[in-house]
Amino acid sequence: SVIVSEDKQEEIDDVIDEFSKAAEGDSLRDVYKLYLETEEKINDILESDGLSQIKLEAIEVLNGFLDGVSDSELKGKINDIILEAEVSIQNAETEAQIEAILEKARNDVDELKEEYEQEAELEKQRENAKAQIDKLINGVTDSELRSILMPIADSAKAEIDRAESASEISAVISQIKKDITQATSEYAKDKALLQKKTQTIEKLESLADGKILSTELSVLLTNAKNDIMNATSMSEVDNIYNTTAQTFNTIYLEDLREEYNAKLDSLLSGSGAEGDTLVKIQEVVTKAKSNINKAANQSVMENIFNQAESAIQLLVQNSSSNLDEIKAQAITELENYTSLNTTSAKKVIAAYTNKINNATSTDEVTTYLQEGKTLLQKLNDAAGVTSGTDTNSSLLNPNTSTSKYGDTASAQAMAKGGIEETSMVKTGDENATSIIVNALAAIAGIGACVALIVLKIRKKK
């Protein structure tokens, strides 16, 4: 549904008024013929409306934002921007509003693309840096020294994988060059100490295996490696490692506690439970948090969380509020939120049905449902359509074999082109058929024809 210029909307309203008056007392075949004539008139009005053409061009520009985009994740995010902008454009009342919406969408997409390009460039720099490290190590002619230096090289590569900027990558390369130079000199003086250092660095790096490190932990490891390389004795190397490992584990366990507590909160908020079930889930979460805060290692924390998750899932299933049911209810609510059969409405429903189906929690389902309804509300407002399921109205789509009239044969016949001639002449007596025709026009996409003509048909026996 698109807002057209005021004078054109008045013309459309007049055409629909004519249709409404002319349709009274006619057969379904004649009503459908009038519908086609009205459709053609409204098409002519729209084609002469400059604002509609501007909207069409703007939407074409929006769709062009996807050109050349191959990354599926990036494409999905751009599609979200396009969808929101398209709905806003269809509700715009002036050319200036359209230009502002288009400009904002363009900036949002450009910013998003730039983020992905920067990450792609950073990944390229990571790979080049690791290749440079291999070249430095391969340039060491002494095979024994080269073997001793391998832990330093592997640790440097791990640092590069954790690096979040080009400057951090450059710092790693600069440091390993110094380390190799220093190690080569030390190799001739104290081979055993050098070997102790590199083996300890390998051991230190293993603390990070399989873990996502905070900036604090990454800096801790980097500083410790540098301190180890500068150590003058084996005992100093051991002291540096022991102190670092203890600090690392303390910080990491605290980070894990925060992470698992947040996951437990998400299980609670996403359960969708109410009443006694909600109380029981709250008890499970509280107990699990208490145990996690006492846990001494990651394995115990993970076990506690998994047990809590299983208990919550069982409680939710027993209360018949599982996620699949919630998703199904949300999708039904989304589909029933509008009676529009326009391209834009279908796009919104399809996009948010997909999001809801892929949701992993009730919170996500609720969020996506609200986002979808917000966009549909804009389309409903523009078309003058009441939001939510309207049992007193039905949507006729003459391009399909069925309509939302229900199962009446006459309505289906009209949708197919008036194959069945059903007498609907209004006589006023008790055995006659009365017709109440309410015609509404929702302009579905720029340059489109009447997308919504609601006919309420009531027969008196």
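Begin by selecting Ile169, which is buried, with a relative accessible area of 5%. The model on the screen is a predicted one. Ile169 belongs to helix 7, which covers residues 166–189.

**The surroundings of Ile169**

Next, display the residues around Ile169. Setting aside neighbours within four places in sequence, Ile169 is in contact with Leu122, Gln125, Arg126, Ala129 and Ala163. Arg126 is the next stop on the tour, and Arg126 lies in helix 5.

**Arg126**

Is Arg126 buried or exposed? Its relative accessibility is 6%, and buried means under 20%, so Arg126 counts as buried. Show the side chain of Arg126 together with that of Glu119: a polar contact of 3.2 Å joins the two. Then turn to Ile160, whose backbone oxygen is reached by the side chain of Arg126 at 3.4 Å. With neighbours up to four places away in sequence left out, the contacts of Arg126 are Glu119, Ile160, Asp161, Ala163, Glu164 and Ile169.

**Glu159**

Now select Glu159, a residue of helix 6, which runs over residues 143–162. Ile169 and Glu159 are ten residues apart along the chain, and their C-alpha atoms are separated by 8.0 Å. A second distance can be drawn from Glu159 to Ala171: these residues are twelve apart in sequence and 10.0 Å apart in space, C-alpha to C-alpha. Why does Glu159 count as buried? Its relative accessible area is 17%, and the limit for a buried residue is under 20%, so Glu159 falls within that class. Outside the residues up to four places away in sequence, Glu159 touches Val172, Thr222 and Lys225.

**The nonpolar cores**

Widen the view to the largest nonpolar core, which has 58 residues. Select Ile133, Leu149, Phe248 and Leu264, the residues that touch the most other members of this core. Two or more residues of the core are given by each of helix 5, helix 6, helix 7, helix 8 (191–205), helix 9 (215–229), helix 10 (234–269), helix 11 (275–294) and helix 12 (298–318). Which helix gives the largest share of this core? The answer is helix 10, from which twelve residues come.

Keep Leu264 selected and show what surrounds it. Not counting residues up to four places away in sequence, Leu264 touches Val285, Ala288, Lys289, Ile292, Phe305 and Ala308. Another core, of 21 residues, lies apart from the largest one; among its members are Leu83, Ala345, Leu375 and Val385.

**Two pairs of helices**

The tour ends with helix packing. Two packed helices are described by the angle between their axes and the distance between the axes.

For the first pair, select helix 3 (residues 50–63) and helix 5 (residues 95–138), whose axes come within 10 Å and cross at roughly 5°. That angle makes helix 3 roughly parallel to helix 5. In the contact, Leu51, Ile54, Lys55, Ala58, Val61 and Leu62 of helix 3 meet Glu95, Ile98, Leu102, Ala105 and Arg106 of helix 5. These contact residues comprise eight nonpolar, no polar and three charged.

For the second pair, select helix 13 (residues 323–335) and helix 14 (residues 343–357). Their axes come within 10 Å and cross at roughly 170°. Helix 13 and helix 14 are therefore roughly antiparallel to each other. On the side of helix 13 the contact is made by Lys327, Ala330, Ile331, Leu334 and Glu335, and on the side of helix 14 by Ile349, Tyr352, Thr353, Ile356 and Asn357. Here the residues divide into six nonpolar, two polar and two charged.

Key: Residues numbered from 1 in each chain as written. Predicted model: local features only at pLDDT ≥ 70, side-chain atom pairs only at ≥ 80, totals over all residues. Heavy atoms only, no water. Helix = DSSP H or I, 4+ residues; strand = E, 2+ residues; numbered from the N terminus. Buried < 20%, exposed > 50% of the residue type's maximum accessible area, 1.4 Å probe, protein only. Contact = heavy atoms within 4.5 Å. Axes fitted to C-alpha atoms, helices over the stretch in contact; angles between N-to-C directions. Parallel < 35°, antiparallel > 145°, perpendicular 65-115°, else oblique. Nonpolar A, V, L, I, M, F, W, Y, C, P; charged D, E, K, R; others polar. Core = buried A, V, L, I, M, F, W, Y, C linked by side-chain atoms within 4.5 Å. Polar contact = N/O pair within 3.5 Å; in protein donor to acceptor, adjacent residues only side chain to side chain.
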